[in-house]
Amino acid sequence: MTDITIIGTGNMARGLAARAVAAGKTVQLLAHDDKAKADALAAELGGQVSAGLLGEELTGNLVIPAVYFDASKEILARYGDSLTGKVYVDITNPIDFATFDSLSVPADSSAAEELQKATGAKVIKAFNTTFAATLAEGAVAGQPLDVLIAGDDEAAVQAVADFASAAGLTPVVVGPQRRARQLEQTGFLHILLSANDQLPAYQWNSALKVVPAA
């Protein structure tokens, strides 16, 4: 067994795996269709990272698919009951890419809630408000990234919070799984800032920070 399974080899997978290595975690890294990509990323990251392909047994206690929402649904369908009991970290922002003006889930739901309907895993929303480029360092302007977390299972939420803390980040538990609705809207807003060429200060290198009173 390993501590964390990360599915994907793109920028978010790299950022999450970098934080996992920084936290001293063992990582299973699964590429979609080209193991060479996982091998190369594992070699780049160092640490205790093993490489494989999607479809192999999931060995991590935490499973983090670094993929889009639709691909997440496909992963749940592929692994089925083998995910039961695992902590599944949903990092997606289910943007309607046809319009780039709204989310693709019902207003009274969220990606996390929709995924929960399809699995026996414990779905926790987290990391959807952090950008890949900032995860590599774990901080922006000297401030550790906030990881906003929502979930219904207390132990699963704590497991994600513990990972964030060990990775040098600041976990902020915002409430039950339904709070993912607000997190996804917040993540979408953060994306819109960076996708706006008229806002050069926000180009995928910013972070959202909740600053508590002293």
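## Exercises on contacts, burial and salt bridges

Outside the four places on either side of A66 in the sequence, this residue touches I7, M12, A13, L16 and I91; a contact means heavy atoms within 4.5 Å. The model is predicted, so local features need pLDDT of at least 70 and side-chain atom pairs count only at pLDDT 80 or more, while totals for chains, interfaces and linings use all residues. Residues are numbered from 1 along each chain as its sequence is written, and side-chain values use heavy atoms, with hydrogens and water left out.

**Exercise 1.** Locate A66 and decide whether A66 is buried or exposed.

*Solution.*
- Step 1: A66 sits in the loop between strand 4 (60–65) and helix 3. Helices (H or I, at least four residues) and strands (E, at least two) are DSSP runs, numbered from the N terminus.
- Step 2: The relative accessible area of A66 is 17%, so A66 is buried. The classes are buried (under 20% relative accessible area), exposed (over 50%) and partly exposed (in between), with a 1.4 Å probe and protein chains only.
- Step 3: A66 and T9 are 57 residues apart along the chain, yet their C-alpha atoms are separated by 7.9 Å.

**Exercise 2.** Describe the place of T9 and list its contacts beyond four places in sequence.

*Solution.*
- Step 1: T9 is in the loop between strand 1 (2–7) and helix 1.
- Step 2: T9 has 18% relative accessibility and therefore counts as buried.
- Step 3: Not counting residues up to four places away, T9 touches R14, A31, K37, A38 and L41.

**Exercise 3.** Follow R14 to its salt-bridge partner and state how the pair is placed in the chain.

*Solution.*
- Step 1: R14 and E44 meet through their side chains in a salt bridge, 3.0 Å from N to O. A salt bridge is a side-chain nitrogen of Lys or Arg within 4 Å of a carboxyl oxygen of Asp or Glu.
- Step 2: The pair links distant parts of the chain, with R14 in helix 1 (residues 11–22) and E44 in helix 2 (residues 35–45), 30 residues apart.
- Step 3: R14 has a relative accessible area of 30%, so R14 is partly exposed.

**Exercise 4.** Explain how K73 and D70 are separated in helix 3, then find further salt bridges.

*Solution.*
- Step 1: In the salt bridge of K73 with D70, the closest N and O atoms are 3.3 Å apart.
- Step 2: K73 and D70 are separated by about one helical turn because they are 3 residues apart in helix 3 (residues 69–79).
- Step 3: K117 and E114 form another salt bridge, with 2.9 Å between the closest N and O atoms. K117 is exposed at 64% relative accessible area, whereas E114 is partly exposed at 24%.
- Step 4: D90, K125 and E184 are linked in a network of salt bridges. The count for the model is 8 salt bridges.

**Exercise 5.** State whether F69 is buried or exposed, and what surrounds F69.

*Solution.*
- Step 1: F69 is in helix 3, and its relative accessibility of 8% means that F69 counts as buried.
- Step 2: Beyond four places in sequence, the contacts of F69 are T92, P94, S104, V105, A111, E114 and L115.
- Step 3: P212 lies 143 residues from F69 in sequence and 31 Å away in space, C-alpha to C-alpha.

**Exercise 6.** Identify the residues with the most contacts inside the largest nonpolar core, and find a nonpolar patch on the surface.

*Solution.*
- Step 1: A nonpolar core is a set of buried Ala, Val, Leu, Ile, Met, Phe, Trp, Tyr and Cys residues joined through side-chain atoms within 4.5 Å. The largest has 39 residues, and L16, V89, F127 and V160 have the most contacts inside it.
- Step 2: A second, separate core has 24 residues, including V67, L83, A112 and V123.
- Step 3: In soluble globular proteins, nonpolar side chains tend to be buried together.
- Step 4: On the surface, Y68, F97, F100, L189 and L192 make a nonpolar patch of about 530 Å². Patches are made of residues with over 30% relative accessible area and no salt bridge, with like charges joined within 9 Å and nonpolar side chains (Val, Leu, Ile, Met, Phe, Trp, Tyr) within 5 Å. Accessible areas come from the Shrake-Rupley method with a 1.4 Å probe; for residues, only the protein chains shown count as cover.
- Step 5: L192 belongs to helix 7 (residues 180–194) and is partly exposed, with 32% relative accessible area.
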